[in-house]
Amino acid sequence: MEIQKNHSAYLDPILERHAHRATDLLQILRAAQEHFGWLHPEAIDHLTRRLGVPRAKIEGMASFYAFLHLQPAGRYRVLFSDNITDRMLGSAALRERMCRNLWIEPGKVSEDGLVSVDTTSCTGMCDQGPALLVNGMAVTRLDAQRVDAICDLIRNQAPLAAWPTEYFRVVDNIRRSDLLLNPGFIPGAALTAARQRGGQGLLHEIKASGLRGRGGAGFATAAKWEACRDAAGEAHYVVCNADEGEPGTFKDRVLLARHADEVFEGMTLCAYVIGARKGLLYLRGEYRYLLDHLDRMLARRRENHLLGASILGQPGFDFDIEIHVGAGAYICGEESALIESLEGKRGTPRNRPPYPVTHGYLDQPTAVNNVETFVATCHIALAGGAWYAGIGAAQSSGTKLLSVSGDCARPGIYEYPFGISVRQVLDDCGAADTQAVQVGGPSGTTLATHEFDRLIAFEDVPTAGAFMVFDIRRDMFEVARNFVHFFAHESCGFCTPCRVGTSLLRNLMDKLHNGQGSPHDFHEIEKLDRILLSASHCGLGHTACNPVLDTIAKFRPAYELRLQQRRFVPAFDLDRSLQTARQMTGRDDGATHLHDEGSVR
Amino acid sequence: MSKTFTLDDKRIPFEDGQTILQAALAASVYIPHLCYHPDLEPHGSCKLCTVKVGGRQTAACTLRAAEGMAVESDTGEINAQRLALVQMLFVEGNHFCPSCEQSGDCRLQATAYQLGMLSPHFDHFFPNRPVDASHPDFLLDFNRCILCSLCVRASREVDGKNVFALAGRGLKTHLIVNAPSGKLGDTDFGGADKAAHVCPVGVILPKRRGFAVPIGERTFDKSSIADYVASRHGKRGGEK
Ligand SMILES: Cc1cc2nc3c(=O)[nH]c(=O)nc-3n(C[C@H](O)[C@H](O)[C@H](O)COP(=O)(O)O)c2cc1C
Ligand code: SF4
Ligand code: SF4
Ligand code: FES
């Protein structure tokens, strides 16, 4: 690959577009990378000079994000989604097939620099998997045929634009609609209603609605907006969290694809209440394919005076929205890490307090809300808080979007009033012989059959929306092991307990998987669980042990099956370690096989 | 009357804005810590200073003290957890104490002794971390890095140089040096830098100064880290 000596030719326009703001570094690097597929050291030099940011800081930042490359990563960069639902649909075999087909090792770039094939955390296509990303664009519904065709396209070096568009088609799969998903929203209607009530009046309605955040924690939205409005600062900001990184969740994807007007209008309502002039939507890198559509929606809203200066003709009501695209880091869904990422830094969670409502983006008061939360505020602005409060459960008003995937006939998006039972959802999606449901993703709760009458609600089983179904064919230990791998891969590495603990946990689960588990390892897992839960810096570490704790409690036989060793066996397996040497030397002496009596193979 | 909070069975006075750890150290009470340095902004990453406040665990180096707070620190439960954290740091890197120049002056080692560590307990990761000997006066042995970012902060906040930065993510997090070559010899790093003197372990070491102080007579050979830290920081005694 030829690298231009003169990097300024493509970098300067990008820098210009971002007004040389070092805080836009992540966006600048993303754009810069689109040029060669990786970030050349001389490009970093140029950025260092122009932005006045030390190169170690740029490299330190870039190396944090899975989708940024400081080394050549192949002209075609293929990443298979590695969520358990993709695996259940056969993704591992398809990945192997592609590697074999292209003569490459997983995770390594082919010698001619053409292609690399690796895995990535859930890409949010669980309802139409197995899925992959190629150069950041989502390809859905993989099967052997499609994989083979993709190999041909890659070998023939066909540009992505020339690939069949069908490959990139993402369907919405809306299976049950209620107030958020029903069509008929008129852009500007919620803003008009809000203006009649005034900022305080709107806040009052949202308070009366009892709306709680849909991103997971369930914080009261009105309290957040009020605290943000009342916080002193030079500027206030609205941030929409569209990072949707929790494996098994894809409802924000559908809201952004179908109801972007409500998302942007909800952000504008928030701006109206808190007095913000600027809003940022943080779109997960996996949803890059939605960017053009979202930009068009923003442009249309500007034309219709629903964004920009003097919104709805009201002097002084100025607000606009910018989209920032993430780059492959689940932790950036945590609101303070998200803000760090918006500021062009490594996505590590901040120390709290202070909280974003007083010290958020650029240290200014910032209201961060989930996509679905913003959509809900539009309907409250239109129909009032009392109406909304009458829907759903006592402490969970309104409706909830569930992303249903896994072993069921009809995966997709289901919108229910809060308080729906797990059993009802299973019936509706056509699940049979279900043994478990993972509600809320890996960080959520594993429910067994005796719990299927429990209710989806903050007061019972809270969820940000993931609902993964496992039937009796599935091995719940392997499900937990997949989740533990996810957390180890996504730990930001800031704090000791999670940085080291999630990897130790992963290794222990692998040890059990390899048949080397003993009761000792079981105790070790429980010990790690406790440390992660109590000493971690943020929610990722706190919840990383949930899938293991839940499955140990509810699916213990799946673990006991693995505790084949009565006495402790080290994870280090001399026999396996000698395998490479045997292959390399072509020698396989019987005497070098070590089978001690205790081990079962 | 100054404000106070309780730390285990002691009353600790504090000034507004002080963290629990700062107030405790000022009162000559030791709370284990590795990523905190009195001259630098708190970071809150090693979690050694974890204490319990109102039933919840939190880092003492970042939480501001408040009147009447009841803080638990020196308990069996919390110390067991701290021990596990130190063990995690040992297995994460490559620490061969007997051959390390920092042995006896190392805060990781001293904290391990303080917490009664007898073995690393967990399986070693044995990462591959090459040494950087490019600088004329300093050696970087990344094998021992515990990612506390003290050098990063010192270089940025005090030296105004940004010689160091953290890179990578998760267990692949590592320290990098600010030069196109990635080598310390190609930076403006110098012995007068604050960053040259804050590393709690044996990563940033002066060259040509092998074993000037014999083993057995080094800082933490002579006193425990608890006594050492308490005597160095303490301005006034904690009141029972
Ligand atoms: C590890 C982690 C990941 C998170 N990921 C997301 C996410 O992808 N989307 C989201 O809206 N909230 C996510 N959150 C929650 C956010 O921190 C925050 O609470 C939320 O965006 C607030 O919006 P809400 O009040 O509307 O729910 C995450 C939290 C943690 C700890
Ligand atoms: S708990 Fe994990 S993700 Fe959160 S700060 Fe610590 S290392 Fe990072
Ligand atoms: S080199 Fe030393 S001071 Fe710097 S991060 Fe590593 S352990 Fe901390
Ligand atoms: S000293 Fe408090 S977290 Fe490291």
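This section describes the bent helix, aromatic pairs, ligand shells and selected backbone features of a predicted model.

Helix α8 of chain A comprises residues 189-209. A straight helix of 21 residues would span 30 Å at 1.5 Å a residue, whereas the end C-alpha atoms of α8(A) are only 18 Å apart. The helix bends by about 110° at Gly198(A), and Gly198(A) is itself among the buried residues of α8(A). Others in that buried set include Ala190(A), Leu191(A), Gly199(A), Gly201(A), Glu205(A) and Ser209(A). The packing partners of the buried residues are the chain A elements α9 (221-230), α11 (260-274), α12 (291-303), α14 (371-383), α15 (385-389) and β11 (396-397). Just after the helix, Gly210(A) adopts a positive phi of about 70°.

Across all chains, a search of the whole structure yields 19 aromatic pairs. In one of them, Tyr272(A) and Phe317(A), the ring centres are 5.0 Å apart and the planes lie at 40°, so the pair is classed as tilted. This pair links distant parts of the chain: Tyr272(A) belongs to helix α11 of chain A and Phe317(A) to the loop between α12 and β8 (320-325), 45 residues apart. Both Tyr272(A) and Phe317(A) are buried. A further pair, Trp387(A) with Tyr388(A), is edge-to-face, with a centre-to-centre distance of 6.0 Å and 65° between the planes. Trp387(A) is partly exposed because its relative accessibility is 37%; Tyr388(A), at 0%, is buried. Tyr76(A), Trp163(A) and Phe168(A) make up one aromatic cluster.

Two ligand shells were examined. Ligand 2 is surrounded by 13 residues, of which the closest are Cys492(A), Phe494(A), Cys495(A), Cys498(A) and Cys538(A). By class, this shell contains eight nonpolar, five polar and no charged residues. The shell of ligand 3 is formed by Cys145(B), Ile146(B), Leu147(B), Cys148(B), Ser149(B), Leu150(B), Cys151(B), Leu175(B), Cys199(B), Pro200(B), Val201(B) and Val203(B). Eleven of the residues around ligand 3 are nonpolar, one is polar and none is charged.

Thr173(B) is located in the loop between β7 (164-167) and β8 (174-177) of chain B. Its relative accessible area of 3% places Thr173(B) in the buried class. With neighbours within four places in sequence left aside, the contacts of Thr173(B) are Arg346(A), Cys492(A), Gly493(A), Arg499(A), Leu147(B), Ala167(B) and Gly168(B). Cys492(A) is also one of the closest residues to ligand 2, and Leu147(B) is part of the shell around ligand 3. Asp9(B), in the loop between β1 (3-7) and β2 (10-14) of chain B, is exposed, with a relative accessible area of 52%.

Most residues other than glycine have a negative phi, and most peptide bonds are trans. A cis peptide bond joins Gly129(A) to Pro130(A), with omega about -5°; Pro130(A) is in the loop between β2 (115-120) and β3 (132-134) of chain A. Another cis bond connects Pro353(A) and Pro354(A), with omega about 0°, and Pro354(A) is in the loop between α13 (335-342) and β9 (366-370) of chain A. Glu244(A), although not a glycine, has a positive phi of about 25°. Glu244(A) lies between β6 (237-242) and α10 (251-258) of chain A, in the connecting loop, and is buried at 8% relative accessible area. Lys47(B), also not a glycine, shows a positive phi of about 70°. The loop that holds Lys47(B) runs between α1 (20-26) and β3 (50-53) of chain B, and Lys47(B) is buried, with a relative accessible area of 6%.

Terms used. Residues numbered from 1 in each chain as written. Chains lettered and ligands numbered in written order. Predicted model: local features only at pLDDT ≥ 70, side-chain atom pairs only at ≥ 80, totals over all residues. Heavy atoms only, no water. Near = heavy atom within 4 Å. Nonpolar A, V, L, I, M, F, W, Y, C, P; charged D, E, K, R; others polar. Helix = DSSP H or I, 4+ residues; strand = E, 2+ residues; numbered from the N terminus. Expected span 1.5 Å × (residues − 1). Bend = angle between axes of the 7 residues up to and from the residue. Buried < 20%, exposed > 50% of the residue type's maximum accessible area, 1.4 Å probe, protein only. Contact = heavy atoms within 4.5 Å. Phe/Tyr/Trp six-rings, centres within 6.5 Å; stacked < 30°, edge-to-face > 60°.
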